[in-house]
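Let's take a walk through a protein together. Keep the picture open beside you, and pause at each stop to find the residues for yourself.

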Amino acid sequence: QVQLAESGGGLVWPGGSLTLSCVATGIIRQITRMGWYRQAPGKERELVATISSGNTNYGDSVKGRFTISRDTARNAVYLQMNSLKPDDTAVYSCNGRIMTLDFSNLEVWGRGTLVTVSS
């Protein structure tokens, strides 16, 4: 079974920075894509950023402020968040498209980590 575990959420002042981490564990052959999504109270889940084969994609609201990176050796993905705004307050969830040893393709979600931007 493959699992994703996020860490790094918390309370931060507007204008501050925070780094989220996500590590995939389990019987993994290959990770084709990892990314971050977020859902604020009363809103739909939205794309934050994804990374695959070195290519990155960002949601319009975070471009220029957030940076996604990946450590393939550790099956990990990171999200560096700068210039945080109250509108960035949300539960941030890690997502991975993962191939297991038996060549099954899975889409896996983490449980999420809460980021609160407030003074």
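**Strands side by side**

Begin with strand E2 (residues 10–12), which is joined to strand E11 by 3 bridges, the two running parallel. One pair to look for is Val12, whose bridge partner in E11 is Val117. Before going further, keep in mind that this is a predicted model.

E11 also pairs with strand E9 (residues 90–100), again through 3 bridges, but here the strands run antiparallel. On this side, Tyr92 has Thr113 of E11 as its bridge partner.

Now turn to the two faces of E11 itself, which spans residues 113–117. Which residues of E11 sit on its covered face, and which on its uncovered one? Thr113, Val115 and Val117 form the covered face, while Leu114 and Thr116 make up the uncovered one.

Two of those covered residues come up again at our next stop, Leu20. This leucine belongs to strand E3 (residues 18–25). Is Leu20 buried or exposed? Leu20 counts as buried because its relative accessibility is 0%, and the cut-off for buried is under 20%. Looking beyond residues up to four places away in sequence, you will find that Leu20 touches Thr113 and Val115, and also Ser7, Gly8, Gly9, Trp36, Val77, Tyr78, Leu79, Met81 and Tyr92. Gly8 deserves a closer look: 12 residues separate it from Leu20 in sequence, yet their C-alpha atoms are 4.6 Å apart in space.

Trp36 is a useful signpost to another residue, Ser93, since Ser93 touches it too. Ser93 is found in strand E9. With a relative accessible area of 12%, Ser93 is buried. Apart from residues up to four places away in sequence, its contacts also include Glu6, Gly35, Tyr37, Trp109, Gly110 and Gly112.

Next, let's leave the strands for some loops. Arg65 lies in the loop between strand E6 (55–58) and strand E7 (66–71). Arg65 has a relative accessible area of 11%, so it is buried. What does the side chain of Arg65 reach? It reaches the backbone oxygen of Ser83, at 2.9 Å. The side chains of Arg65 and Asp88 are joined as well, by a polar contact of 2.8 Å. Setting aside neighbours within four places in sequence, Arg65 is in contact with Ser83 and Asp88, along with Gln80, Met81, Asn82, Leu84 and Lys85.

Ser83 has a feature of its own. Its phi is near 50 degrees, a positive value in a residue other than glycine. Ser83 lies in the loop between E8 and E9, and it is partly exposed because its relative accessible area is 42%. Asn75 also has a positive phi, of about 55 degrees, although it is not a glycine. You can find Asn75 in the loop between E7 and strand E8 (76–81). At 24% relative accessibility, Asn75 counts as partly exposed.

Our last stop is an open space. The largest pocket holds about 190 Å³. It is lined by 14 residues, and those closest to its centre are Arg38, Ala40, Lys43, Glu46 and Asp87. What kinds of residues make up the lining of the largest pocket? They divide into 8 charged, 3 polar and 3 nonpolar residues.

Terms used
Residues are numbered from 1 along each chain as its sequence is written. This is a predicted model: local features need pLDDT of at least 70, side-chain atom pairs count only at pLDDT 80 or more; totals for chains, interfaces and linings use all residues. Side-chain values use heavy atoms; hydrogens and water are left out. Buried means under 20% relative accessible area, exposed over 50%, partly exposed in between (1.4 Å probe, protein chains only). Helices (H or I, at least four residues) and strands (E, at least two) are DSSP runs, numbered from the N terminus. Two strands pair if DSSP finds at least two bridges between them. A polar contact is a pair of N or O atoms within 3.5 Å; within protein, one must be able to donate a hydrogen and the other to accept it, and residues adjacent in sequence count only if both atoms are side-chain atoms. Contact means heavy atoms within 4.5 Å. On a 1 Å grid over the protein atoms alone, a cavity is a set of points where a 1.4 Å probe fits but cannot get out, and a pocket is an open set with protein on both sides within 12 Å along at least five of seven lines; lining residues have an atom within 4 Å of a point. Grid points are joined across faces, edges and corners, and a volume is the space filled by probe spheres set on the points. Ala, Val, Leu, Ile, Met, Phe, Trp, Tyr, Cys and Pro count as nonpolar, Asp, Glu, Lys and Arg as charged, and the others, Gly among them, as polar.
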